[in-house]
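Me: Could you take a close look at one part of this protein for me, the aromatic residues and the core around them? I'd like one connected walk-through rather than a list.

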Amino acid sequence: MRIRSTLSGVMAAVTAVGIALPAMAQEAKKPATPPTAPAQPWTGQVQPGSGTEAKVFDAAQIATIKKVTDYFNNLANLKAVFQQTNPDGKKLRGKLAVKRPGRFRFDYNLPSKQLVISDGKQLAIQDNDGGGDDRYELDNTPFRMLLRKDVDLMRDARILDLQESEDLVIISVMDKSPDAPGKIKLFFAVKPVVELKEWVTTDAQNLDTKVELSTVNRTDEVDAALFDIKSVAIGKLQQR
């Protein structure tokens, strides 16, 4: 069984953050399925739009986009617990670590033995059970625009939709680069401070994968050694 190369996000991981969420890795071990209706992870009056055409925003909306941009630019370290919901409804959990620029790591809880890790240049999707070790250039994933040293969504992203309520901001973005496929929908709490709570990645088949964060810690320093990509094959040899 091979990991699908579609970079849909846990992307992935993430996101981004974004991120691009780790969602990329887990869809690999099953055949392609017919597209399903996009997930609606939040209830209430705010309903994210769809489509791939960038929209025109007014001054107040541009100020909100700047707040989201500032969140990523001010994000040096992040640790969190995540829950990932795949398009088939299967839920996976684990721990996330982020260190900007460009570095993130998704450790999936057992029984999964998968790891999604970026060292700032390469993104590796590793299966420590089956021995898979697929690697991609980080610049060719949607997470590039969110984890780069100087984040500027107005410059680098095609902003598809922006929705706001009293305590929630939802922004849907695509990278302007054709080499970074996929769409990311980011959900931010805005009280008491702006905080990333969830994202949904949509792949080329219009399948959604949701990643929710909890126990978020942006204060503690994250060890840079966590983001060193090591060969799965060599690791197996060392365990013998």
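Reply: Let's start with a word we'll lean on: a residue counts as buried when its relative accessible area is under 20%. Keep in mind that this is a predicted model.

By that cut-off Y71 is buried, because its relative accessible area is 4%. F72 comes out at 0%, so F72 is buried too. The rings of Y71 and F72 make an edge-to-face pair, because their planes sit at 85 degrees, with the centres 5.2 Å apart.

F72 also has a ring partner in F188: the centres are 6.0 Å apart and the planes again at 85 degrees, so this pair is edge-to-face as well. Here the link joins distant parts of the chain, since F72 belongs to helix α2 while F188 lies in strand β11 (residues 183–189), 116 residues apart. Like F72, F188 is buried.

F188 has plenty of other company. Leaving out residues up to four places away in sequence, F188 touches V68, Y71 and F72, then D167, L168, V169 and I171, and finally V194, E195, L196 and K197.

Now zoom out to the core. The largest nonpolar core holds 39 residues, and F188 is among those with the most contacts inside it, along with F104, L153, I171, L186 and W199. Helix α2 (residues 59–73) supplies the largest share of this core, 4 residues. In soluble globular proteins, nonpolar side chains tend to be buried together.

As for the other aromatics, F104 and W199 turn up again in one aromatic cluster with F82, F106 and Y108. The count of aromatic pairs comes to 7.

Definitions and conventions: Residues are numbered from 1 along each chain as its sequence is written. This is a predicted model: local features need pLDDT of at least 70, side-chain atom pairs count only at pLDDT 80 or more; totals for chains, interfaces and linings use all residues. Side-chain values use heavy atoms; hydrogens and water are left out. A nonpolar core is a set of buried Ala, Val, Leu, Ile, Met, Phe, Trp, Tyr and Cys residues joined through side-chain atoms within 4.5 Å. Buried means under 20% relative accessible area, exposed over 50%, partly exposed in between (1.4 Å probe, protein chains only). Helices (H or I, at least four residues) and strands (E, at least two) are DSSP runs, numbered from the N terminus. Contact means heavy atoms within 4.5 Å. Rings of Phe, Tyr and Trp (its six-membered ring) pair if their centres lie within 6.5 Å; planes under 30 degrees apart count as stacked, over 60 as edge-to-face and the rest as tilted.
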